[in-house]
Amino acid sequence: MLTQLRLTTTKYSAITLTNLQNQLAYIWDALGRAVFIILIMFIFVQLWTAVYQSQNSTEIAGLTLANTIWYFLIAEVMELGKIRHDTRITEEVRDGSIAYTLVRPYNYLAYHFFNGLAEGGVKMVLIFALGLPLVLYYAGLPTLEWAHVPLVLLVMALAMLLDFFILSIIGLLAFVTEDTFSFRLIYQKLVFILGGLMIPLDFLPDWLQGTARVLPFNLTTYAPAKLFVAFNWAQFWQIVGLQLLWLLIFGAVLLWQYRLMTQRLAINGG
Amino acid sequence: MQYETDRPVIEVRDLAKRFQLKQKAPGLRGSLQAVWRPEMREITAVSPLSFTLQEGEMLAFIGPNGAGKSTTIKMLTGILFPSSGHATVLGCVPWQQRRQLAYQIGSVFGQKPQLWYHLPADDTFRLFARIYELDMKAYQRRRDFLVEAFQIGDLLQTPVRKLSLGQRMKCEIAASLLHSPRLIFLDEPTIGLDVVAKQQIRDAIRTLNETENTTIFLTSHDAGDIESLCRRVIVINHGRIIFDDKTSVLKRQFLRRKVVDVRFANALTEPFALPGVETVKQGTYGVKLEFDSRQIPVESVIQQVISGHACNDINIADPPMEEIIREIYAV
């Protein structure tokens with residue numbers, strides 16, 4: 001029992017470690033791609049400074065300008081650090097390499113999770129590190145208390161997992177549809193608008209806010225960013241509860257879908 | 001789970017696979033029609049197949065492109081669910097016990113890479129050791145054995161992207177053998193390789209079969225692979241088995257053309273011609289003849305040759321395996 005647990009742990013951690021080495025093999029490339037966060041953050045800072053000035057107030061919906069700037073950095077870190085295994089699954093089905101990846105002795109989705117963890121982790125660190133100086137310059141230190149850090153990290157972890165579940169559902173569709181780009185695009189746009197990537201949910205009109213808050217999209221991006229800039233116990237419990245609920249729902253969908261899709265898998269070529 | 005050795009390694013009974021294929025008429029109109037009312041056509045990739053494979057056998061499973069070879073392999077490794085029929089591989093139903101089976105089988109797809117492109121092969125080897133839950137000491141021994149068998153000792157520290165195709169392929173195959181599978185599926189393992197690399201790979205596979213009694217299931221378009229490795233051949237075309245016997249029987253049964261090389265004692269003075277026999281090449285002291293042995297018996301041709309000329313040497317050869325395969329596919 002204990003031996004099996006140790007073997008399973010080393011198995012999945014080896015997958016993460018191997019991809020981490022792979023990421024480090026072309027870290028300069030990743031760094032080059034991450035540099036554009038500086039530009040994005042600069043535009044956000046200019047834009048929201050203008051908005052706050054035009055409103056002639058120091059707070060909008062309870063968030064200061066400094067809060068908002070920090071919010072966007074965290075939201076971008078969450079968005080850009082997402083595990084993009086849906087495209088990888090699509091590629092595997094298209095080029096047939098799924099003939100290798102599906103028949104190894106591991107859980108196929110867990111493989112993709114631990115594989116993507118390395119890639120996502122590296123990206124998150126890079127985006128955060130590159131965006132940090134600019135944010136510190138314009139917004140100063142964050143107001144998050146040390147005691148709340150583990151709680152925000154927990155929400156971040158659940159956010160990543162929830163996003164992984166949603167993208168898994170999209171990725172597994174490739175077993176039958178071969179192309180999943182359009183599904184991904186729709187999901188991405190929903191995260192943009194209802195997930196708080198373009199604008200914090202607090203700034204949306206009330207009728208839209210109410211709906212957006214219970215949908216899963218905000219729980220992957222808005223939730224950790226908001227708690228980071230303005231931690232609030234009531235909101236924390238609501239978010240964690242909703243995250244767990246959606247994980248349960250999507251988890252059940254995934255179980256059913258995985259069984260169905262593996263039966264219907266059609267692979268190209270000989 | 002230890003599998004009983006007296007049962008066949010692979011048992012396949014009426015295994016079939018059909019796919020639904022979307023059809024589209026040419027042009028924009030066809031595209032629009034396909035959006036609203038996609039026309040589906042069912043294609044049979046594999047018609048009901050039945051065969052068994054015993055432990056330690058080396059089987060060549062051959063056929064032209066699109067014959068259903070890879071689909072069969074994919075059903076036997078558990079990636080694809082069959083449309084009907086049964087199969088057990090080492091006692092497991094592949095598509096139901098995929099993970100359990102994974103520890104006991106290895107597969108190599110010549111046209112698909114499995115090694116991490118930016119990392120040295122050794123890193124992928126270590127990852128596989130963890131994935132297959134190998135004891136690290138046993139893994140080291142196995143790795144050393146495979147390094148020796150495939151002669152890849154000096155390649156393991158180089159990023160895979162810097163290796164030549166032949167070097168990479170040897171590492172790819174070795175990677176699939178790290179967990180000491182009892183059965184290996186090799187899907188065109190030597191495709192695109194030079195003669196030396198091909199030979200090294202064949203030697204290594206043969207060593208594995210001889211020392212560990214590993215069962216080999218090979219598909220290849222290379223007649224050399226088949227001839228040098230496999231005693232048994234299954235030919236599949238349009239999803240059906242059209243031949244299942246020894247490699248030597250295959251050669252005999254489909255041997256239609258014979259090639260005869262004659263070396264004469266004296267110089268030829270005029271063009272050499274025999275009825276029903278094609279003169280492929282003619283030199284001063286020799287000719288190369290080719291004919292269909294079912295229409296003209298070999299002894300008749302030889303008699304005609306020696307009755308008119310004094311000969312120093314006569315060599316009767318089978319056509320190369322390539323040609324035999326070409327003939328079978330045309331059936």
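The following dialogue concerns the contact between two chains and the strands of chain B.

Trainee: How should the numbering and the model be read?

Mentor: This is a predicted model, in which local features need pLDDT of at least 70, side-chain atom pairs count only at pLDDT 80 or more, and totals for chains, interfaces and linings use all residues. Residues are numbered from 1 along each chain as its sequence is written, while chains are lettered from A and ligands numbered from 1 in the order in which they are written.

Trainee: How many residues does the contact take from chain B and from chain A?

Mentor: Two residues are in contact if their C-beta atoms, placed from the backbone, lie within 7 Å. Here chain B gives 28 residues and chain A gives 26 residues. Helix H2 (69–77), helix H3 (98–102), strand E5 (105–109) and helix H4 (121–131) of chain B each give two or more residues to the side that touches chain A. Helices (H or I, at least four residues) and strands (E, at least two) are DSSP runs, numbered from the N terminus.

Trainee: Which strands of chain B pair with E8(B)?

Mentor: Two strands pair if DSSP finds at least two bridges between them. Strand E3 (residues 58–62) runs parallel to strand E8 (residues 232–237), with 4 bridges, and B:Phe61 stands opposite B:Ile234. E8(B) also pairs with strand E9 (residues 240–246) in the antiparallel sense over 6 bridges, where B:Val233 stands opposite B:Asp245. In the hairpin of E8(B) and E9(B), with 2 residues between the strands, B:His238 takes a positive phi near 50°.

Trainee: Which strand does E11(B) join through a hairpin?

Mentor: A hairpin of 3 residues leads from E11(B) to E12(B).
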